[in-house]
Amino acid sequence: MVPVAIVAWSAALLVSFLPGTAPFVIGMSVSGAVAAFAVRRGRRLAALGREAPLVVVCLAVAGAIACGSAWSAPARDAAAELAGHAVTAEVSVRSLPALGSDGRLWADADSLRLGPGDHPAALRVPVRIGIRPDARSATLGPGTVLRLTAQTKATDPGERAALVLFAKGSAEQLSRGGPVETIAGDVRAAFVARAQRLPEPGAELLPGLAVGDVRAVSDDLDAAMKASGLSHLTAVSGSNLAIVAAAGFGIVALCGGGRVLRILVAGLALAGFVVLVTPQPSVIRAAAMAGTAMLALLLGRPRAGLSVLLLAVTVLLLADPHLAAAPGFALSAAATAGLIVLAPPLAAGLERRMPKPVALAIAIPLSAQLACGPIIALFATQQSLVSVVANLLAEPASPIATVLGLLACLAMPVPPLADFFAAAAWLPSAWIAQTAVTTSALPLATIEAPAGIATAVVVAALSAVVYGMIAPRRPWRAPWRAIVGGLLAVVIGTVAGWGIVAGPVALLQRPQDWGIAMCDVGQGDGALVRSAGRTMLIDTGPDPDPLRRCLDDLGIDRLDVLVLTHFDHDHAGASDVLAGRVGVVLHGPVDTDAHRRQLDRLEAAGARPIPAAAGVTGRLGGADWRVLWPRRDEKVFPPGNDVGVIMQISGGGVPRSLFLADLSAASQGMMRRLAHPHDETVVKVAHHGSADQDPQLYAELDPALALVSVGEGNDYGHPRASTLEMLRALRTPILRTDQRGTILVSEDDGGLRIWTEHPAPPEHPGPTPTPTRTPRTPRTPPPVAEPTPARPGVREPQPGPSPTARAP
C-alpha cells in the first residue's frame with residue numbers, strides 16, 4: 001500500500017494545483033496499464049512482470065483521481081468566471097461556522113444555485129461563505145440551506161473551495177436540513193449556551209472538545225494551544241472520535257457482549273458522534289483516521305494497521321483530491337502513522353530507563369510530535385519545544401471532557417442533569433486550557449524558524465536522530481555515537497546561544513529612551529508611544545504573534561492606553577491578545593455587534609472603554625495627547641477608514657507626532673480644515689502609503705520624518721509611488737516597516753535619533769550621517785531630501801538585529 005498511497009497523493013496534488021493536467025494523467029495511466037499487462041505476459045521480463053499488478057493498481061488510482069478532477073473541472077471553471085462579481089447564491093452548509101476576525105461567520109458549503117441576478121442557474125461547486133451573525137446563527141450547521149447575495153473572490157490553486165462568497169446583508173435561511181441535522185443543531189446550541197455560563201478559559205474550550213464548536217475560543221487561548229502543541233484538542237480530532245468508539249466498545253465488553261457486537265456498537269457510537277459534531281470534512285477525515293487506529297487495535301496487528309491507514313488515505317483522496325493540499329489531512333495521517341509505527345519502538349526503548357506505563361505515556365505524544373514536526377515546519381514559523389510535556393499533562397483530561405460533554409448532550413431533556421455533566425466536563429477542559437497557558441509561557445516554549453522545505457528537512461533530521469537514540473536497535477559503532485552526540489551538542493548549543501542572543505543581548509542593543517516604536521506587524525498598523533514609564537499602543541495589527549513579539553522585544557508588559565482607530569482587521573485584529581493588559585481603550589465608532597463584542601472582551605478583562613472624538617485630550621506620562629478626528633456623531637463619513645481616530649502627541653520625550661490611521665484624501669482634507677494641524681516632527685502616513693492622500697495636508701505638516709507601516713509584498717501595492725514621490729518632494733526622509741522592520745524614534749537636544757531593525761535596502765539607501773546636528777525648529781525646517789543627506793536634526797537610522805536572527 002505504500003506505493004499506492006504515494007501515487008494517490010502525488011496525483012491528487014498535481015490535479016489540484018494544475019487541473020489542466022488531468023487528461024494527461026488519465027492518458028498516462030491507461031497507456032501505463034496496457035504496458036504493464038504486456039510486460040506481465042512477456043517471458044524475458046519475469047522480474048518486472050511480478051510487479052505488474054501493483055503498477056496497474058497505482059495507475060488505476062491515479063487515473064481515477066484525475067477522472068474525478070476532470071469531471072468537476074467544468075463546474076469549477078464556470079464558478080471561476082464569476083470571481084469579482086456580485087451574485088445570488090443558494091448554498092448548503094457543510095461545516096460548523098467559525099467567527100472570523102472580520103466579524104463574519106465563515107463556513108464551508110456547496111452551492112446549489114449560483115449566478116448573477118435574482119434567478120441564478122444551477123451550479124454545484126464547493127464554496128467558502130462569510131455571513132453576518134444574526135439571531136439564527138446559533139443553530140447554523142451542516143444541512144442548512146441559505147440564500148444570499150454576495151461579492152465573490154477567486155481562490156488560490158489547490159484550495160477545495162472554487163469561490164469565496166462575502167455576503168451582502170443578511171442571509172435568508174431556506175431550510176435547516178433534515179430532522180437529524182435539526183435535532184443535532186438544537187443539541188449543539190443548547191450545550192454551547194450551557195457552557196458559556198461557566199468560567200473562562202475552560203468554557204472557551206469545552207464546546208470544541210464536546211461538540212466541535214470553536215467559536216468561543218479566543219485568539220489568546222488559540223495562540224497558547226498552538227505554542228504548547230495542544231491545538232489538536234481545540235476542536236474535534238481523531239483522538240476524540242477514538243475515545244467515543246472505545247467507550248462504546250468498552251461498555252459492551254463490560255456487559256459481556258461478543259466481539260462482533262462490540263465492533264457494531266463502537267461503529268454506531270462513532271457515527272452518532274460524527275452527526276452531533278457535524279460531518280464536515282475535518283471530522284470525516286478524523287473519523288477515518290480514528291477508525292483506522294481502532295481497527296489496528298482490534299486486530300492486534302500494528303503492521304496491518306499501517307496498511308489499513310494507507311488504504312484509508314487512498315480512499316479519502318479518491319473521494320476528494322483537494323485533501324492532498326490540506327495541512328490538516330497531512331497532520332492527521334502523519335500522527336496516526338506515528339502512533340502505529342513509531343510509538344511501539346519508542347515505548348520499548350524508554351522501558352529500559354523507566355516503568356512501562358510511564359514509557360508508553362511518553363511514547364504516544366513523542367511519536368506524534370516526531371511524525372508531525374517536519375510537516376508543521378513546512379507552513380508554520382513556530383515549533384513547540386514543550387508539546388510532549390504539555391500533552392503528557394493534558395491528554396488524560398481530554399477523554400474525560402469528551403465523555404462528560406457527550407453525557408451532557410444526551411441529558412438535555414433533563415436540564416439539572418445536563419447542567420451537572422456540563423459543569424463536570426468543565427473541570428478537565430479548564431485543566432487543558434490552563435496547561436496550554438502555563439506551558440506556552442515557559443522560557444523557550446517555542447522557537448521561530450522560517451517556514452519551508454529547508455526547515456522541514458532540518459526538523460526531519462532531528463526527529464530521526466531522536467528516534468534513533470531512543471528506539472532499541474543493535475549497538476551503534478563508536479563513530480556513529482560520536483556523530484549523533486556531536487549533532488545533539490550542536491543543536492543544544494545553537495538553541496542555548498539563540499536564547500541568549502534573542503533575549504538579554506538583543507534587548508541591550510535597542511535604545512532604551514525611545515519615544516515612538518513602529519512595530520513591524522505586517523500589513524497593518526501598530527505604533528507604541530512611551531513617556532515617563534507610561535505606554536500607549538495605537539492599533540494592534542492583524543495578527544497576535546507579530547504584536548506579541550514586538551511587545552516582548554521592547555519589554556512592554558502592560559499598556560496604559562490602547563487606541564483602536566477603527567475596527568478593520570489590519571488595525572484591531574490582534575486586540576484579544578491584550579485582554580488583561582490594558583488600562584484604557586480609546587476607540588473609534590462601533591458599528592457592528594462583532595466590534596462591540598471585541599470591546600466587551602477587553603472590558604471584561606479590566607479595561608475601561610472611552611469613545612474617541614475631536615477635542616478629547618489626556619496625558620501619557622509627561623506627554624500630552626489630543627484627538628483631532630473624528631467629529632462627535634460624525635454624519636458625513638460612514639464608519640470605517642474615514643472616521644479613524646487621529647492622535648496628536650507631543651512632549652515628555654515624545655517628538656511632536658501625528659498618526660493618520662487610514663484616512664482618505666477627502667477625510668484628510670476635512671480634518672485639515674477643521675483642526676489645522678501643522679509642523680509635525682513625525683507623521684505616520686495614512687493608509688499604509690496608499691495613493692489616496694491630501695498633498696496640502698502633508699505640505700502643512702512638513703514632517704521631519706515619515707513612517708509607513710506596511711507589509712512586505714502586500715497585494716495592494718502599498719506604499720504607492722505617487723505617495724513616496726509626494727513625500728520626497730517635501731524633502732522628508734521615509735522609513736518603512738516592510739524594509740526596516742521595527743523602528744524606534746527618540747528625541748533629544750540634537751534632534752531625532754532613529755534605530756531600525758534592518759539596514760536600509762541597497763536600492764533605497766538611508767540618509768547619510770551629517771557632521772553637525774541641530775534641533776529642528778517648529779516653523780522653519782531645514783529643507784533636505786532623502787536619499788540625499790538627511791535634514792539636520794534627523795540622525796542616520798542605526799540598523800539593529802532581526803528578531804528572527806537576533807545577531808548582535
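# A tour of the predicted chain

Begin with the whole protein chain, in which buried residues, meaning those under 20% relative accessible area (exposed is over 50% and partly exposed in between, with a 1.4 Å probe and protein chains only), make up 49% of the 808 residues. This is a predicted model, in which local features need pLDDT of at least 70 and side-chain atom pairs count only at pLDDT 80 or more, while totals for chains, interfaces and linings use all residues. Residues are numbered from 1 along each chain as its sequence is written, and side-chain values use heavy atoms, with hydrogens and water left out.

Colour next by secondary structure: the protein chain has 25 helices and 24 strands, taken as DSSP runs numbered from the N terminus (helices are H or I with at least four residues, strands E with at least two). Where contact means heavy atoms within 4.5 Å, 67% of the contacts between residues at least 6 apart in sequence join residues at least 24 apart.

Now select residues 617–620, which form strand S15, and 734–736, which form strand S21; these are the edge strands, each pairing on one side only, of an open sheet of 7 strands with mixed pairing and the order S15-S16-S17-S18-S19-S20-S21. Two strands count as paired if DSSP finds at least two bridges between them. The twist from one strand to the next averages 25°. At the S15 edge, S15 pairs with strand S16 (residues 623–629) in the antiparallel sense over 4 bridges, and Gly618 has Trp625 of S16 as its bridge partner. Add residues 665–675 to bring in helix H22, which packs on the sheet, touches S16 and strand S17 (646–651), and runs at about 120° to the direction of S16; axes here are lines fitted to C-alpha atoms, for helices over the stretch in contact, and angles run from 0 to 180 degrees between N-to-C directions.

Move on to His587, which lies in strand S13 (residues 582–587). His587 is buried, with a relative accessible area of 6%. To see its surroundings, select Leu564, Phe567, Leu599, Pro609, Ile610, Pro611, Ala612 and Val645, with which His587 is in contact once its neighbours within four places in sequence are left aside.

Finish by zooming out to the surface: the accessible surface of the protein chain comes to about 35,700 Å², of which 64% belongs to carbon and sulfur atoms, as computed by the Shrake-Rupley method with a 1.4 Å probe.
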